[in-house]
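Reader: I am new to this structure and would like to learn how to read its features one at a time. Could you take me through them slowly?

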Amino acid sequence: MEQMIDRLVTIYGGSGFLGRHLVRALAKRGWRIRVAVRRPELANFLQPLGVVGQIHAVQANVRFPESVMRAAEGADALVNLTGILFQAGRQTFEGVQAAGARAVAEAAAKQGAKLVHGSAIGADAKSQSAYARTKAAGEAAVLALVPQAIITRPSIIFGPEDGFFNRFAAMARVAPALPLIGGGATRFQPVFVGDVAAAMVTALEDKAKPGTTYELGGPEVKTFRELMELMLAEIGRRRLLVPIPFAIARIQAFFLELVPNPLLTRDQVILLERDNVVSAEAEREGRTLPGLGISPTALAAVLPSYLGRFRKAGQFTRAS
Ligand SMILES: NC(=O)c1ccc[n+]([C@@H]2O[C@H](COP(=O)([O-])OP(=O)(O)OC[C@H]3O[C@@H](n4cnc5c(N)ncnc54)[C@H](OP(=O)(O)O)[C@@H]3O)[C@@H](O)[C@H]2O)c1
């Protein structure tokens, strides 16, 4: 442990992909961590990331403000990492990403706790995408209730348990071809999960500018096609990359949405119509990883460590 801070942080959505990395980083720095999740029994895997008694899980659903308030009691800081990629039943974008963000901000305001809010590049009140609109509504509610809050907006996040490279690598293992929605020209700036967690730690420990929205991207900007090519090279497989125009993708998504855990939704197709990179304004103003003193990690430094399991048996090196 680097130092004992002995402050209590509640992390809503702390059992997710980014959550586990943030829990590990904060535990190392001596924070006491309350992970607020819908099913605490599923968050027990986090306990070994800290010393005995340092990390514990409590029940909270951001759609139920009383549960959010209860989980915030006595905390010095709150972090909101809740979010969804598609709607299912009562898990609506509005309920989780807008009203849920407001509930966490209300709890922070009531407690006088510091607030770090996880949003996303692309958050936009005017977007046709409900994901992007509700991320923007969540940000607005946060800043209205806690003007000193720090908002982090990552581009697509990569790391061992990510939902992006792992999903397409798994698909490439069985499918002869991979789709390039809109031709695969959308640009991304993939950011390492450890760097996003480090940025949040920096924000929690008063080394970021209060009331600021940081845009977090990695060192490289790549198109969706380039990311697929990189992933395929990493797992040593050749696959056809098939361009699918946005209009066709929307129709396919309509049918894919009929199954649980859909591979693609119409809302995601809308999101893919815009680049997902750090804005020139954020760069200029230093509202970035380097602005927080964090040097972004390259894809090549991390991808081999977790995509290896998708390689063909007997293949040990990266394919050329
Ligand atoms: N991963 C990326 O590439 C990426 C990029 C940009 C922004 N972000 C944002 O970063 C944050 C973390 O992302 P992630 O990749 O770690 O997502 P994740 O793995 O899907 O984790 C999301 C967390 O939110 C929780 N959650 C969902 N609905 C909830 C509710 N009603 N009440 C309480 N908790 C709820 C989930 O817990 P359950 O098990 O209860 O569902 C889970 O712990 C999200 O806000 C996401 O939008 C992620």
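Reader: Which residues form one aromatic cluster here?

Author: In this predicted model, the aromatic cluster is made up of Phe164, Phe165, Phe168, Phe188 and Phe224. As for the wider setting, the structure holds nine aromatic pairs.

Reader: How should I read a single pair, for instance the aromatic pair that Phe168 and Phe224 form?

Author: The general idea is that a pair of aromatic rings is described by the distance of the centres and the angle of the planes. In the case of Phe168 and Phe224, the ring centres are 5.5 Å apart and the planes stand at 85° to one another, which is an edge-to-face arrangement. This pair joins distant parts of the chain, since Phe168 belongs to helix α5 (residues 165-174) and Phe224 to helix α7 (residues 224-235), with their positions 56 residues apart in the numbering.

Reader: Are Phe168 and Phe224 buried or exposed?

Author: Phe168 is buried, and Phe224 is buried as well. Phe224 also forms an aromatic pair with Phe188, and this one is tilted, with 6.4 Å from centre to centre and 55° between the planes. Here too distant parts of the chain are linked, as Phe188 sits in strand β9 (residues 187-188) and Phe224 in helix α7, 36 residues apart. Both partners of this tilted pair, Phe188 and Phe224, are buried.

Reader: Let me turn to the ligand: how many residues surround the ligand, and which are the closest?

Author: One begins with the shell of residues and then looks at individual atoms. The ligand is surrounded by 25 residues, of which Phe17, Leu18, Arg38, Asn61 and Gln91 are the closest. Sorted by character, the shell consists of eleven nonpolar, ten polar and four charged residues, and helices α1 (17-28) and α4 (130-145) each contribute at least two residues to it.

Reader: Which atoms of the protein lie 2.8 Å or 2.7 Å from an oxygen atom of the ligand?

Author: A polar backbone atom of Phe17 lies 2.8 Å from a ligand oxygen, while an N or O atom in the side chain of Arg38 lies 2.7 Å from an oxygen atom of the ligand. A nitrogen atom of the ligand, in turn, is 3.0 Å from a polar backbone atom of Val62. Taken on its own, the ligand has 890 Å² of accessible area, and the protein covers 80% of this.

Reader: What does the side chain of Asp6 make a polar contact with?

Author: It helps to place the residue before listing its neighbours. Asp6 is found in the segment before β1 (8-12), and because its relative accessible area is 47%, below the 50% that exposed residues exceed, Asp6 counts as partly exposed. Leaving aside residues up to four places away in sequence, Asp6 touches Gly30 and Arg32, and the polar contact, at 3.1 Å, is with the side chain of Arg32. The C-alpha atoms of Asp6 and Gln128, which are 122 residues apart along the chain, are separated by 44 Å.

Reader: Finally, what is the phi of Asp206, and where does Asp206 lie?

Author: For such a case one reads the backbone angle together with the location. Asp206 is not a glycine, yet its phi is positive, near 65°, and its place is in the loop between α6 (193-204) and β11 (213-216). Because its relative accessibility is 52%, Asp206 counts as exposed. Asn261, also not a glycine, has a positive phi of about 50°, and Asn261 lies in the loop between α8 (246-256) and α9 (266-272).

Technical notes:
Residues are numbered from 1 along each chain as its sequence is written. This is a predicted model: local features need pLDDT of at least 70, side-chain atom pairs count only at pLDDT 80 or more; totals for chains, interfaces and linings use all residues. Side-chain values use heavy atoms; hydrogens and water are left out. A residue is near a molecule or strand if one of its heavy atoms lies within 4 Å of it. A polar contact is a pair of N or O atoms within 3.5 Å; within protein, one must be able to donate a hydrogen and the other to accept it, and residues adjacent in sequence count only if both atoms are side-chain atoms. Accessible areas come from the Shrake-Rupley method with a 1.4 Å probe; for residues, only the protein chains shown count as cover. Helices (H or I, at least four residues) and strands (E, at least two) are DSSP runs, numbered from the N terminus. Ala, Val, Leu, Ile, Met, Phe, Trp, Tyr, Cys and Pro count as nonpolar, Asp, Glu, Lys and Arg as charged, and the others, Gly among them, as polar. Rings of Phe, Tyr and Trp (its six-membered ring) pair if their centres lie within 6.5 Å; planes under 30 degrees apart count as stacked, over 60 as edge-to-face and the rest as tilted. Buried means under 20% relative accessible area, exposed over 50%, partly exposed in between (1.4 Å probe, protein chains only). Contact means heavy atoms within 4.5 Å.
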